[in-house]
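Reader: I am in my first year and would like to go through one structure by asking about it. Could we begin?

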Amino acid sequence: MSTMADRTDLHSSQLDLAIAELAEGSERWGATPLGARGDLLARTRASVSEEAERWVAAAARSKGLNPSSLLIGEEWLTGPYAVLTSLNALGRTLRALASGRSPLAGQRLGRAPGGRVTVSVLPHNAWDGLLLHGFSARAWLRPGVTMEHARVAAGLGQLTPTVAGGVGLVLGAGNISSIAPLDVLYELVAHNRASILKLNPTFDKLLPIYRAALAPLIEQGLLRIVTGGADVGGYLAHHLGIRHVHITGSAATHDAIVFGGSTTLRLGKPISSELGGVSPIIVLPGRWSRRDLRYQAQHVATMRLHNGGYNCIAGQVLVLSAAWPQKRAFLDAVAAALAAAPTRPAWYPGSDDRMRAASAAYPAAQSIPGGRLLVAASAPPMTAALATSAASGRSAGAGAGHGLTGAASASTEDMLTTEYFAPVLGVVELPGFGQAFLDLAVESVNRDFLGTLGANILGMPATIRRLGPGFEQAVARLRYGTIAINAWTGVGFLSAAAPWGAFPGHTLDNVQSGIGVVHNALLLDDVERTVVRGPFRPFPRSVMHGEWALLPKPPWFVSSRSGTLTARLLTGFAAHPAARKLPRILAAAFRA
């Protein structure tokens with residue numbers, strides 16, 4: 001009869017063998033021409049496409065979603081679609097480099113405040129311009145980087161393809177099913193590293209899907225996928241055969257790996273990370289129509305409730321002007337949008353505990369009818385409202401109502417410094433109007449909010465035009481890795497060419513939202529941030545009010561009635577782009 005020690009030794013031996021095989025694969029990758037690397041990515045794209053249906057079904061089961069749920073579209077977009085678009089974009093970069101061209105050949109370069117060089121990353125191709133009409137994104141490079149240096153440095157590890165990067169450990173995320181494969185692809189192409197991927201236990205059931213979808217990488221000895229708990233992760237992180245660690249997760253897990261429960265550095269190798277944070281939604285006061293209020297309230301509900309609120313980039317705190325006459329109307333619209341969003345299970349581990357902690361931090365919270373919303377307010381000079389969506393009505397404190405009111409009591413400190421990773425929405429009010437409000441909001445979120453992963457700004461185009469250069473300077477002062485203007489930062493996550501990660505400058509002992517970037521299919525060096533822009537209104541109101549944007553309600557909105565069909569069709573298009581597929585996609589999108 002085998003003992004626990006025997007089983008542990010056996011498991012360790014299997015991990016050792018996997019790392020040895022990956023070391024050989026890394027050397028073979030170093031000898032693989034750029035053209036053949038592109039061919040490998042194309043084969044991987046085909047295998048991901050073949051597994052897309054099973055992938056989405058398995059991810060939905062992991063989250064307790066009914067197969068007929070309107071929310072299944074989320075699993076298409078943040079699962080196989082995101083991986084397919086990344087494979088396409090990385091393949092394009094490899095083809096450019098193989099032909100002796102910079103990945104930036106044909107890309108628009110520009111300038112941002114402070115003389116920063118910018119690179120257009122969305123649209124990345126002509127298809128993006130049609131399917132995401134009205135949305136754009138630019139990567140801002142760090143101050144001092146010249147256009148010439150940007151062109152020469154783009155390519156990262158593929159500029160020295162024969163230098164093997166060895167074997168890295170990727171500790172996969174447990175909330176979005178594309179994150180782990182995207183991290184593996186970035187390690188391979190940006191750094192020439194083969195990877196051993198340890199799945200988060202929430203996605204253990206996706207193991208056979210991942211192995212089939214990523215089979216071309218596994219067959220070439222460039223990837224091994226394993227499961228297990230913290231003991232497996234710890235063993236791999238400190239293994240002598242592992243040269244680098246990348247983690248998507250929490251700062252607590254990062255610190256446990258790096259410091260091992262002490263204040264002394266215990267990890268003797270580099271680590272990169274994406275760790276989330278408290279994402280603000282800054283709302284610029286203006287004269288909004290009732291339709292504007294309703295649409296942007298649905299936008300806020302999407303930022304908070306997408307994937308049940310279990311997103312590192314979920315909008316957590318609304319930052320409003322206390323002087324905005326429409327503040328109450330907007331908060332009522334937000335309450336209605338949160339209440340109307342489809343219900344779903346509280347599937348992510350620890351969600352109920354975090355909801356109880358949020359309720360305890362705000363004892364004056366008022367119950368709202370329908371078991372969907374909790375609200376509380378804090379003492380002046382800053383007022384704060386805490387809204388918690390009780391997924392399927394199971395979380396503690398679920399009650400009734402649509403209003404956003406509450407007695408003054410709780411402090412905002414917990415809301416600003418705790419990433420709830422649950423359906424919790426806060427509201428902070430600041431004094432001022434116009435530029436004075438925006439400047440104070442930027443100062444406040446930079447100083448008081450945990451993390452630097454992403455920030456959102458909502459405002460009428462006329463308001464932004466009136467602010468002029470002051471608006472652009474305020475954006476430049478925001479210390480966030482992705483800033484979305486009239487869009488959700490999740491658009492940056494889904495844009496394959498856009499760099500994704502925290503604002504640069506964090507350290508191991510103050511890691512905040514992490515160190516380094518991923519995605520970044522143009523393989524840009526010296527990235528500072530990504531700035532995403534979208535339309536304030538959907539088509540046709542966008543065009544009626546002077547915005548050249550033809551996209552209706554985006555398919556990622558939680559209120560989109562045709563989101564699942566649109567997302568499924570977009571995934572099929574990403575697998576095999578063809579003009580003949582466009583009419584059906586657009587027809588589905590317009591039924592949102």
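Reader: Which helices and strands each supply at least two residues of the lining of the second largest pocket?
Author: This is a predicted model. In it, the second largest pocket has a volume of about 650 Å³. Its lining has 31 residues, with Asn 200, Thr 248, Gly 249, Ser 250 and Thr 253 closest to the centre. The elements that each give at least two residues to that lining are α9 (230-237), β7 (244-248) and α10 (251-259).

Reader: How do the residues of that second lining divide into nonpolar, polar and charged?
Author: Glycine is counted with the polar residues here, and Gly 249 is one of those closest to the centre of the second largest pocket. The division for the second largest pocket is 14 nonpolar, 14 polar and three charged.

Reader: What is the volume of the largest pocket, and which element gives the largest share of its lining?
Author: The volume of the largest pocket is about 830 Å³. There are 45 lining residues, and Tyr 81, Thr 85, Asn 125, Trp 127 and Asp 128 lie nearest the centre. Two or more lining residues come from each of α2 (34-62), α3 (72-98), α4 (126-131), α18 (490-494), α20 (563-575) and α21 (582-589). The largest share, 10 residues, comes from α3.

Reader: How many residues in the lining of the largest pocket are charged?
Author: Asp counts as charged, and Asp 128 is among the residues nearest the centre of the largest pocket. The lining has 30 nonpolar and 10 polar residues, and the number of charged ones is five.

Reader: Ile 585 is in helix α21; is Ile 585 buried or exposed?
Author: The cut-off for buried is under 20% relative accessible area. Ile 585 has a relative accessible area of 3%, so the word for Ile 585 is buried.

Reader: Which residues does Ile 585 touch, leaving out those up to four places away in sequence?
Author: One partner to look at is Phe 573, which is 12 residues from Ile 585 in sequence, with 8.7 Å between their C-alpha atoms. With residues up to four places away left out, the residues touched by Ile 585 are Leu 131, Thr 566, Leu 569, Leu 570 and Phe 573.

Reader: How many cavities of 30 Å³ or more are there, and which element gives the largest share of the lining of the largest cavity?
Author: The count is six cavities of 30 Å³ or more. The largest cavity holds about 140 Å³ of space, and among its 14 lining residues Thr 78, His 306, Asn 311, Trp 488 and Phe 493 are closest to the centre. Both α3 and α18 supply at least two residues of this lining. The largest share, three residues, comes from α18.

Reader: How many charged residues are in the lining of the largest cavity?
Author: By class, 10 residues of this lining are nonpolar and four are polar. The number of charged residues in the lining of the largest cavity is none.

Reader: Why is Gln 298 called buried, and which side chain does Gln 298 join in a polar contact?
Author: Gln 298 is found in helix α11 (residues 290-305). The cut-off for buried is under 20%, and Gln 298 is buried because its relative accessible area is 17%. Leaving out residues up to four places away in sequence, Gln 298 touches Ala 337, Lys 553, Phe 557 and Ser 559. The polar contact, 3.1 Å between side chains, is with Lys 553.

Reader: Which residues of α12 are buried?
Author: Helix α12 (residues 327-340) has 14 residues, so at 1.5 Å a residue it should span 20 Å, and its end C-alpha atoms are 20 Å apart. The buried residues of α12 are Lys 327, Phe 330, Leu 331, Ala 333, Val 334, Ala 335, Ala 337 and Leu 338.

Reader: How many residues of helix α6 are buried?
Author: Helix α6 (residues 179-191) reaches 17 Å from first C-alpha to last, close to the 18 Å expected. After α6 comes Asn 192, with a positive phi near 55°. The buried residues of α6 include Asp 183 and Glu 187. Helix α6 is mostly covered, and the number of buried residues, out of 13, is 12.

Reader: What percentage of the residues in the protein are buried?
Author: The protein has 21 helices and 22 strands. Of its 592 residues, the buried ones make up 61%.

Notes
Residues are numbered from 1 along each chain as its sequence is written. This is a predicted model: local features need pLDDT of at least 70, side-chain atom pairs count only at pLDDT 80 or more; totals for chains, interfaces and linings use all residues. Side-chain values use heavy atoms; hydrogens and water are left out. Helices (H or I, at least four residues) and strands (E, at least two) are DSSP runs, numbered from the N terminus. The expected span of a helix is 1.5 Å times one less than its number of residues. Buried means under 20% relative accessible area, exposed over 50%, partly exposed in between (1.4 Å probe, protein chains only). On a 1 Å grid over the protein atoms alone, a cavity is a set of points where a 1.4 Å probe fits but cannot get out, and a pocket is an open set with protein on both sides within 12 Å along at least five of seven lines; lining residues have an atom within 4 Å of a point. Grid points are joined across faces, edges and corners, and a volume is the space filled by probe spheres set on the points. A polar contact is a pair of N or O atoms within 3.5 Å; within protein, one must be able to donate a hydrogen and the other to accept it, and residues adjacent in sequence count only if both atoms are side-chain atoms. Contact means heavy atoms within 4.5 Å.
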